[in-house]
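Please report on the salt bridges of the structure shown below, with attention to how the paired side chains are placed with respect to the surface.

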Amino acid sequence: QVQLVESGGGLVQAGGSLRLSCAASGRLFSSYAMGWFRQALGKEREFVAVINWSGGSTLYADSVKGRFTISRDNAKKTVDLQMNSLKPEDTGVYYCAATIRGLRVGANEYNYWGQGTQVTVSS
């Protein structure tokens with residue numbers, strides 16, 4: 001069982017930066033790949049980024065590649081998402097999720113989810 005709590009969301013102007021953090025509790029955190037998803041109002045939840053158990057491999061959605069960076073610290077049981085050059089279309093609720101299945105982009109392949117943190121990018 002893994003519990004996830006996101007933090008770091010907020011309101012930022014276009015071109016600005018935010019850093020999201022996800023704190024995990026429970027056993028075997030380092031066994032899970034950790035992903036970030038987002039959901040805009042009225043839209044489906046979409047994949048943003050994922051990092052494997054060791055931090056050695058990552059995968060990004062094309063829409064955020066080169067602007068967002070995912071990282072993890074297994075000793076602290078945290079996974080972060082550094083978001084730079086933010087755009088209004090990045091607005092949404094950002095969710096942290098854990099999967100035992102490795103680098104996955106489908107939300108239905110994730111076992112555990114946090115409650116989400118709101119990110120709003122103004123133009």
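In this predicted model, Glu-46 is partly exposed, because its relative accessibility of 36% lies between the limits of 20% and 50%. Its salt-bridge partner is Arg-38, and the closest N and O atoms of the two are 2.6 Å apart. Arg-38, by contrast, is buried, because its relative accessible area of 5% falls under 20%.

Arg-38 also forms a salt bridge with Asp-90, at an N to O distance of 2.8 Å. This contact links distant parts of the chain: Arg-38 belongs to strand 4 (residues 33-39), whereas Asp-90 sits in the loop between strand 8 (78-83) and strand 9 (92-99), and 52 residues separate the two. Both Asp-90 and Arg-38 are buried.

A further salt bridge joins Arg-104 to Glu-109, with 3.2 Å from N to O. Arg-104 has a relative accessible area of 30% and is therefore partly exposed. Glu-109 is likewise partly exposed, with a relative accessible area of 27%.

Salt bridges with shared partners connect Arg-38, Glu-46, Arg-67 and Asp-90 into one network. In total, the model contains six salt bridges. Among them are the following pairs.

| Salt bridge | N to O distance |
|---|---|
| Arg-38 and Glu-46 | 2.6 Å |
| Asp-90 and Arg-38 | 2.8 Å |
| Arg-104 and Glu-109 | 3.2 Å |

Such pairing can arise because side chains of opposite charge can pair when their charged atoms come close.

Terms used: Residues numbered from 1 in each chain as written. Predicted model: local features only at pLDDT ≥ 70, side-chain atom pairs only at ≥ 80, totals over all residues. Heavy atoms only, no water. Salt bridge = Lys/Arg side-chain N within 4 Å of Asp/Glu carboxyl O. Buried < 20%, exposed > 50% of the residue type's maximum accessible area, 1.4 Å probe, protein only. Helix = DSSP H or I, 4+ residues; strand = E, 2+ residues; numbered from the N terminus.
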